[in-house]
Amino acid sequence: MKDITESRKRVMCLYRVSTTQQVDKIKDDIPMQRIVCREFAERNGWIIIDEKVEKGISGFKVSANDRDAIQDLKEMALKKEFDILLVFMFDRLGRIENETPFVLQWFVEHGVEVWSANEGQQKIESHVDKLMNYIRFWQASGESEKTAIRVKTRMSQMTSEGIFTGGSVPYGYRLVFKGRKNKKGQDVRDLEVNPEQAEVVKTVFKFTVERGYGSYMMASYLNEKGYKTQNNAPFQSNYIIRILKNQIYRGYLKRGDAKSDRIEDLQIISDSDFFKAQDILEQRARKDESKRTVAMTNKGKTLLSGNIYCAHCGCRLATTSYTERYRRKDGSLYEKMSSRYVCYHRSRGLNDCDGASTYIAEKIDRAVISAMRQIFDCISGCPQEEKIHAAYKNMMANNHKLQQKLSCEIQKNTDKLETLRIEIANALTGDSVYSSEDLATAITTLRRKISDAKEQLEALKQEDAAKKAADDSIIPAYKQFKTWAEEFDSAPLDIKKMIASQLFSRIEIGKGYELHLELDETFKTFCEDWTSIQKLTATA
């Protein structure tokens, strides 16, 4: 510290800006505060012994207890090392309404004068002073809240407009200059697809949807291939889940409740694959496993691991492995590792299940695969997607004709009702040929007709919406079904497992290896012979 003359008051200055961008570029930045405070001290004959600078410290979000500058000033005040604390404006001390007024009061009570180069001295000599002190920081807190609201609103607006507003760059994208400038005329960067990473994103969705990979399995696969995250770190399970849930891969920017229109240049994943992945994640998150149709993981070596139930007690069967050993006649040892499905509740006596405890997995899997082949054989006689679409279109056309007819009928009866209402006034004055009773009966009849017609019209509209939704979903389902049929025999086990989990809504096994297969409603459309397939017995 500098040597000073005892007759001159010693001053400590405190300068603060909320963001590092304010350090030398806009109003109330550090250089501006320093210049004003130094000039103010010189005019008053004070001497500045030191200056404390806080860069990127929010006076609204950061408590004084966590600000080194405030704590250092308090220590110096206790040692009587300065007489005046000078700031550009009092809100440089902070903007927390239930804290900052007491910070200022603390310095005053410890013999330090608190001055603002713009607002003068703040004294604490009366209740009025204390009240004015509180009101000042209450207003400052309100301004910070208003600023936060304005910033949040603008950020939401920019997101809705399809503008990237900052933060971590999602995996699969990179920032590039595309000629856009901010309000200060500075070049800013926008998102574009990173082709190499985009292929990894497609793999994540493909393996999740088609092969049933869980997040841990997917992360391990990518790490084994040598891929790294955006931060050049190994993939983790939660990172995979964030990728699967991020709407940006459908081409939508999202921030809070704000969402942009689809940006075609940013879309990496189809809506169909994205929503299939969401359904898988949602099912795996369910605590009630009886309502889950997708296995928690895809690690098992059996076709139905996690997706087969006991026909007697309804519980999900577990999968275990065992080694079969015996001596051949020639003395050699035969060993074979096999799997079986186990009714855990039956084997532990946890309920009154009267089914078998264990079932040979290979036997059941072989029967189910055979049934799946029969189901896929139905695709040869299945109507082509154009015919399916045309059939729904004709059905909807008839619906629309009925809607139009009912709308005309409603309008016609509404007009008649209005005429009768006018006639009531004439009846009351004796100028109508109809009695008030006749008019009341006619009005009641018309109202009933209008009500009935509106109910029919609403039912037709709902049927119309349902048919449209079915039409929208039937074509993708048909394509999916056809793809499965063509690729099933050559598909690896993990893909066969995922096909089985989506093709069947439930599979049950009972005594005598009696299997009951429940085909998903969507795919029954393509399998006319389903009833002859759904019940079968697994044989050796």
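## The main nonpolar core

Start with the inside of this predicted model: the largest nonpolar core has 39 residues, and the ones touching the most other members are Leu304, Ile364, Val368, Met372, Leu503 and Phe504. Elements giving two or more residues to this core are α10, α12 (436-487), α13 (493-503), β14 (504-510) and β15 (514-519). Helix α10 supplies the largest share, nine residues. As background, nonpolar side chains in soluble globular proteins tend to be buried together.

Val368 makes a handy probe of the packing. Leaving out neighbours within four places in sequence, Val368 is in contact with Leu303, Leu304, Phe504, Ile507, Leu515 and Leu517. Another core lies apart from the main one, with 29 residues, among them Phe164, Tyr173, Ile240 and Ile268.

## A three-stranded sheet and α10

Now for a sheet. Three strands make an open sheet, ordered β11-β12-β13, with antiparallel pairing. The edges are taken by β11 (318-327) and β13 (358-360), each with a single partner strand, so one side of each has no neighbour in the sheet. Ignoring direction, neighbouring strands here are turned by 40° against each other on average.

Strand β12 (residues 333-342) pairs with β13 in the antiparallel sense over three bridges. Arg340 has Ile360 as its bridge partner in β13. Helix α10 (residues 361-377) packs on this sheet and touches β12 and β13, its direction making about 65° with that of β12.

## Helix α2 and its surroundings

Which residues of α2 (residues 68-78) are buried? They are Ala69, Ile70, Leu73, Lys74, Met76 and Ala77. Looking down the axis of α2, these buried residues fall within an arc of 165°, so they line one face of the helix. On the face turned away from the buried side sit the exposed residues Asp68 and Leu78.

What do the buried residues of α2 pack against? Their partners are β1 (10-17), β2 (47-55), β3 (84-87) and α3 (100-109). After α2 comes Lys80, which has a positive phi, near 60°.

The loop between β2 and α2 holds Gly56. With a relative accessibility of 34%, Gly56 counts as partly exposed, because buried would need under 20% and exposed over 50%. C-alpha to C-alpha, Gly56 is 7.7 Å from Arg16 in space, though the two are 40 residues apart in sequence.

## Salt bridges

The model has 17 salt bridges. One of them joins the side chains of Glu199 and Lys202, at 3.5 Å from N to O. Both residues lie in helix α5 (residues 195-210), three residues apart, about one turn of the helix. An α-helix has 3.6 residues a turn, so residues three or four places apart point the same way. Glu199 is partly exposed at 45% relative accessible area, and Lys202 is partly exposed at 37%.

Asp271 and Arg262 form another salt bridge, with their closest N and O atoms 2.7 Å apart. Asp271 is partly exposed at 24%, as is Arg262 at 26%. Back in the sheet, Glu335 forms a salt bridge with Arg325, the closest N and O atoms being 2.8 Å apart. Glu335 belongs to strand β12 and Arg325 to strand β11, 10 residues apart. Glu335 is partly exposed, with a relative accessible area of 47%, whereas Arg325 is exposed at 53%. Finally, salt bridges with shared partners join Arg34, Arg38 and Glu51 into one network.

Key: Residues are numbered from 1 along each chain as its sequence is written. This is a predicted model: local features need pLDDT of at least 70, side-chain atom pairs count only at pLDDT 80 or more; totals for chains, interfaces and linings use all residues. Side-chain values use heavy atoms; hydrogens and water are left out. Buried means under 20% relative accessible area, exposed over 50%, partly exposed in between (1.4 Å probe, protein chains only). Helices (H or I, at least four residues) and strands (E, at least two) are DSSP runs, numbered from the N terminus. The arc is that of the directions from the helix axis to the C-beta atoms. Contact means heavy atoms within 4.5 Å. Two strands pair if DSSP finds at least two bridges between them. Axes are lines fitted to C-alpha atoms, for helices over the stretch in contact, and angles run from 0 to 180 degrees between N-to-C directions. A nonpolar core is a set of buried Ala, Val, Leu, Ile, Met, Phe, Trp, Tyr and Cys residues joined through side-chain atoms within 4.5 Å. A salt bridge is a side-chain nitrogen of Lys or Arg within 4 Å of a carboxyl oxygen of Asp or Glu.
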